[in-house]
Amino acid sequence: MLQFILKRLGLAVLVALTVSFISFSLLFLSGDPAAALAGETASGEDIEALRRVYGFDRPMLVQYGEWLWQALQGNFGESYYFKLPVASLIADRLSVTMTLGVCGITFALLTAVPLGVAAAIKPNSLIDRVALFLSVAGQAMPSFWFGLILIVLFGIQLGWLPPSGASTWRHFIMPTIVLGYYAMPAIMRLTRAGMLEVLNSDYIRTARAKGAGEGRVLFKHALRNAIIPVVSLAAVQMGFMLGGSIVVESVFALHGAGYLAWESIARNDLPTVQALILIFSMFYIIFTFLADVLNAWLDPRMRSS
Amino acid sequence: MALQRIADPLLEEITGPNPRQILRKRVTGHAGLLFGVGVVLVLLIIAILAPVLAPHDPYAQNLANRMVKPVFMGGTWEHPLGTDHLGRDYLSRLIYGARVSLLIGTVAALISGVIGTAMGVAAGYFGGKVDAVVTFLINVRLAMPVVLVALAVVAILGGSLQVVIGVLGLLLWDRFAVVMRASTLQVRRREYVAAAQAIGASTPRVILSEIMPNIANNLIVIVTLEMAHAILLEAALSFLGLGVQPPTPSWGLMVSEGKNMMLFEPWLVLIPGIVLFILVLAINLMGDGLRDVTAPENRS
């Protein structure tokens, strides 16, 4: 087990380093970051001056090394636009995004798992069809559009919920639904498929044969085994959701890290963009690492692969 | 003659229907697949015939005729779906928007398909170090937040159709690589591959004529699903203002432009969103249907 964790940790660190290099290199995609920063009206001397101030005149690998060294100590430089340290800027905004992410994945799990189980107990029943419809519709629904529809319907026509902002818990209801619905279809399908497979297995027949009650069979024997892959999928989805919160946050004007990403990208605020890409990637890497370890702990067969 | 008539059904009972008959039966019995293929075909024809079908020029502005209501809300047939905030005919923009979505979806899925298939097949076929490198690259790719990276790249390089297609094509290869790797691993140990290797077929030949035809079914399914993914992402990027740029008629951009008038004219947001939803739904149903029909054992 320890060997598995160490191997998996080594891989996670390597992936993190590669991602950090890519997110740093994005800055150089434009060819000349100093010119991009200075804007179209800047003179040659202004660009030259900026180049020296920000150290763009040094070799790229040297700049990367320094950036990474500073980033490891929690220093991501200063935002070009806000003129504040990027690290504190992001730290301020991250709580909104994390709240949204946790609410979103909770909503997704609370709807997807019961639906998936109910659908698997009675395949082709009405509830199975409803579940299938919800998941197929969810995969095709543009989340920004779904958000706007909810705003018009519940925020304005009915006036039940505040249409934008983040000051109370009621502001998080619609964004949670939109973000959660994005993750729900995959979780629902996996729960259903897992339950169907488990319910046909020998140990369920044994459990029934020895006279265990149906509730006990379903939840103690079946769901506990079917839920293992769902745990790692939920972790992966959580990582995707934090990255995907950029769309939801901009629709609902939630001033979280996703909204900050959108603002910084639109304003060419490269240090902030680099840091955000890196941080969102780190969340994904950490979540999947934890999920793999949890899986290996629950299911020893996973440790060998 | 009489004997023949008795023998035929009997023969069929003994030999069973041939694979083509089974396939035809499965296809015609699969409502989702038929619906998906039908809708996609109709939208494809609309996109191709856009210049003929569109009642107006999608770019022609008429500020005196702004936000005319659609015909079902009391408008006239002159503009069946009304006009937008610049007085452009909404139906014509919608029709031309189908071109943008289908073009981006198809080309991005093809680019990522080539990259992902090459990586996945190489990893599955050669194994060892190649497999380790490809698996690592898949991990790196999955760790990068797609929307964020795509937005950043489009912001730096500028939002043209080519840039959006290129970015999506270079980002969406992960599922191809994962599925093609797994499919190749399954196929590579089969007897016909060993037979081809035994008679001295070269590696490219084994891959192209033994492996590829046997994993093509899975490939087609992923192509459709990734096409839907690319179309949704393009719409999201355009909605955020960092995808296809105005005045190009993109459905995501139309939702974004209609957003400001959403309170008074909700149809400006509703119509392009519904069309986008239907297209993506149809492509997904097509993909799911193809999987059910070609490999019913993998049904989820």
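In the predicted model, the buried residues of helix 3 of chain B pack against three helices of chain B: helix 2 (19-28), helix 5 (90-126) and helix 13 (267-294). Helix 3 of chain B covers residues 31-48. At 1.5 Å a residue, its 18 residues should span 26 Å, and the end C-alpha atoms are indeed 26 Å apart.

L33(B), G36(B) and L43(B) are buried in this helix. They lie on the same side of helix 3 of chain B, because they cover an arc of only 115 degrees around the axis. An α-helix has 3.6 residues a turn, so residues three or four places apart point the same way. The face turned away from the buried side carries exposed residues: A31(B), L41(B), V42(B) and I45(B).

Two of the packing partners also meet each other. Helix 5 of chain B and helix 13 of chain B pack at an angle of about 35 degrees. Their axes are 11 Å apart. The crossing is right-handed. Helix 5 of chain B contributes Y90(B), L94(B), G97(B) and S101(B) to the contact. Helix 13 of chain B contributes I271(B), P272(B), V275(B) and L279(B). Of these residues, six are nonpolar, two are polar and none is charged.

In chain A, Q237(A) sits in helix 10 (residues 214-251). Q237(A) counts as buried because 25 other C-beta atoms lie within 10 Å, against a cut-off of 20 or more. Beyond its neighbours within four places in sequence, Q237(A) contacts I105(A), A108(A), A183(A), A186(A) and I187(A). P142(A) is 95 residues from Q237(A) in sequence. The C-alpha atoms of the two are 17 Å apart in space.

Definitions and conventions. Residues are numbered from 1 along each chain as its sequence is written. Chains are lettered from A and ligands numbered from 1 in the order in which they are written. This is a predicted model: local features need pLDDT of at least 70, side-chain atom pairs count only at pLDDT 80 or more; totals for chains, interfaces and linings use all residues. Helices (H or I, at least four residues) and strands (E, at least two) are DSSP runs, numbered from the N terminus. The expected span of a helix is 1.5 Å times one less than its number of residues. A residue is buried if 20 or more other C-beta atoms lie within 10 Å of its own, exposed if 12 or fewer, and partly exposed in between; C-beta atoms are placed from the backbone. The arc is that of the directions from the helix axis to the C-beta atoms. Two residues are in contact if their C-beta atoms, placed from the backbone, lie within 7 Å. Axes are lines fitted to C-alpha atoms, for helices over the stretch in contact, and angles run from 0 to 180 degrees between N-to-C directions. A crossing is left-handed if the near helix is turned anticlockwise from the far one by less than a right angle, and right-handed if clockwise. Ala, Val, Leu, Ile, Met, Phe, Trp, Tyr, Cys and Pro count as nonpolar, Asp, Glu, Lys and Arg as charged, and the others, Gly among them, as polar.
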